[in-house]
Amino acid sequence: MRSTRLQTGVVAGVAALGLTLAGCGSDSGGSGGDGGSGGGDASEVEVFTWWAAGSEKAGLDALVAVFDEQHPDTEFINGAVAGGAGSAAKDLLQQRLQTNDPPDTFQAHAGAELQDYIDAAQIEDVSSQFEEFGLTDAVPQDLIDLLTTEDGAIYSIPSNIHRSNVVWANPQVLQDAGLDPEATYSSIDEWIPALQAVQDSGATALSVGQAWTQVNLLETVLMSDLGADGYIGLWDGSTDWSSPEVTAALEDFDTLMGFTNTDRDGLDWPDATQQVIDGQAGFNVMGDWAEAAFEEQDQVAGEDYTYFPVPGTADQFGFLADSFTLPVGAPHPGGAEAWLETVASPEGQAAFNQAKGSIPARSDVDLSDFSEYQQSAAEDFASATIVPSLAHGAAAPVATLNDITDAVSKFTSGSSDVATLQQEMGAAVNG
Ligand code: GAL
């Protein structure tokens, strides 16, 4: 990625992330049991995700192909529920868990979101499988720290690492607006004249979709304006939500929303990113699952599209990781174990991540066949400060994210102002 390498190192950011995990509750859940280790019905496995279509489904399919090879006697049942970032899946999952109708395994983000399921005693401890599958030596210690609860247990098997703070751009649209398509911008303030130029040229300056994608955009503005420490402080209590710095960041968010497409609330992320691919929009801020959409449509990096960290965030890696769980009472625990084993395997991680736009959670996977973007993301992951994504479960529990999403939605639909948004976001976090 065209990002400046930072000296900051990973440790401080990860320590802060660990804090968000540890800070979410002292009760480890104590669901007990050995996670079904050693058996259970392996005839099938229902895998619950939100990777239902397009490049996300292609990623899942690549993983399933490895699964079918490794576990030919276990039938894969696709329990995917459409809606980016789990916008529909998570509610449905909650209903199923509460009525004791769990899938055999489900997708959950590392960090605060996972802690929710642990606190509710809805998922099993999979520490022994983590070890058995060889992850203890293969997953970087900083990610292991993130997955480990205060009492030393691990409750999910990580499949990948995504970055949330990326701008995707159409060089032709930028050139048509009189901009240098190679230009980078060091702050939101510096980016605004470029957005204005694209808008003046008649294209959409910044494409966005429904509420969760607006929250994804907002988190990157907070990262940019507050810096890594200030942003991390929003989640560990050291940054005051009512400070003028937060007000200024929300004003910047307001300004950016003024450059977006008016049909945004009816669009999910693939539609918003597609506007850049199709040349209707100059820029789109989206996590790097978007890379998979560009690749899937044979777009060539540096020619058909460019990418760079959201202005002002080159030194930050907006971190999120998907992982898979073993729910308490899973009907086919043997099938779930088989799935987790494939997720953990080098072959599974290579096939899945190459198609998904992410980087493997294992650090021993050969990346030479991965895209230019993915190779740069792996380098950035090793050098930038890791900061937790809000929109994707790393920074805050699901209930907090839901409240923030409602507040953002009210704001961007014109029913509230910056002061109300600021107050409601602070209340969502501080209770
Ligand atoms: C994230 C998830 C990614 C990707 C994205 C868009 O929450 O971690 O894997 O699927 O949502 O749906």
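The ligand is surrounded by 13 residues (a residue is near a molecule if one of its heavy atoms lies within 4 Å of it). The closest of them are E56, H109, D322, K356 and H392. This is a predicted model: local features need pLDDT of at least 70, side-chain atom pairs count only at pLDDT 80 or more, and totals for chains, interfaces and linings use all residues. Residues are numbered from 1 along each chain as its sequence is written, and side-chain values use heavy atoms, with hydrogens and water left out.

By residue class, the shell around the ligand has 6 nonpolar, 4 polar and 3 charged members. Here Ala, Val, Leu, Ile, Met, Phe, Trp, Tyr, Cys and Pro count as nonpolar, Asp, Glu, Lys and Arg as charged, and the others, Gly among them, as polar.

Polar contacts (pairs of N or O atoms within 3.5 Å) involving an oxygen atom of the ligand include the following.

| Residue | Partner atom in the residue | Distance |
|---|---|---|
| D322 | N or O atom of the side chain | 2.6 Å |
| K356 | N or O atom of the side chain | 2.7 Å |
| A85 | polar backbone atom | 2.8 Å |

Taken alone, the ligand exposes 300 Å², and the protein buries 100% of that (Shrake-Rupley method, 1.4 Å probe).

The space taken by the ligand is the largest cavity; a molecule sits in a cavity if more than half of its atoms lie within 2 Å of the cavity's grid points. On a 1 Å grid over the protein atoms alone, a cavity is a set of points where a 1.4 Å probe fits but cannot get out, whereas a pocket is an open set with protein on both sides within 12 Å along at least five of seven lines; lining residues have an atom within 4 Å of a point. The structure holds 1 cavity of 30 Å³ or more, and the largest cavity has a volume of about 80 Å³. Its lining includes W50, W51, W289 and L320, together with E56, A85, H109, D322, K356 and H392.

The largest pocket holds about 280 Å³ of space. Of its 15 lining residues, G86, S87, W212, N402 and T405 lie nearest its centre. Helix α17 gives the largest share of this lining, 5 residues. The lining of the pocket divides into 7 nonpolar, 5 polar and 3 charged residues.

How values were computed: Polar contact = N/O pair within 3.5 Å; in protein donor to acceptor, adjacent residues only side chain to side chain. Points joined across faces, edges and corners; volume = space filled by probe spheres on them. Helix = DSSP H or I, 4+ residues; strand = E, 2+ residues; numbered from the N terminus.
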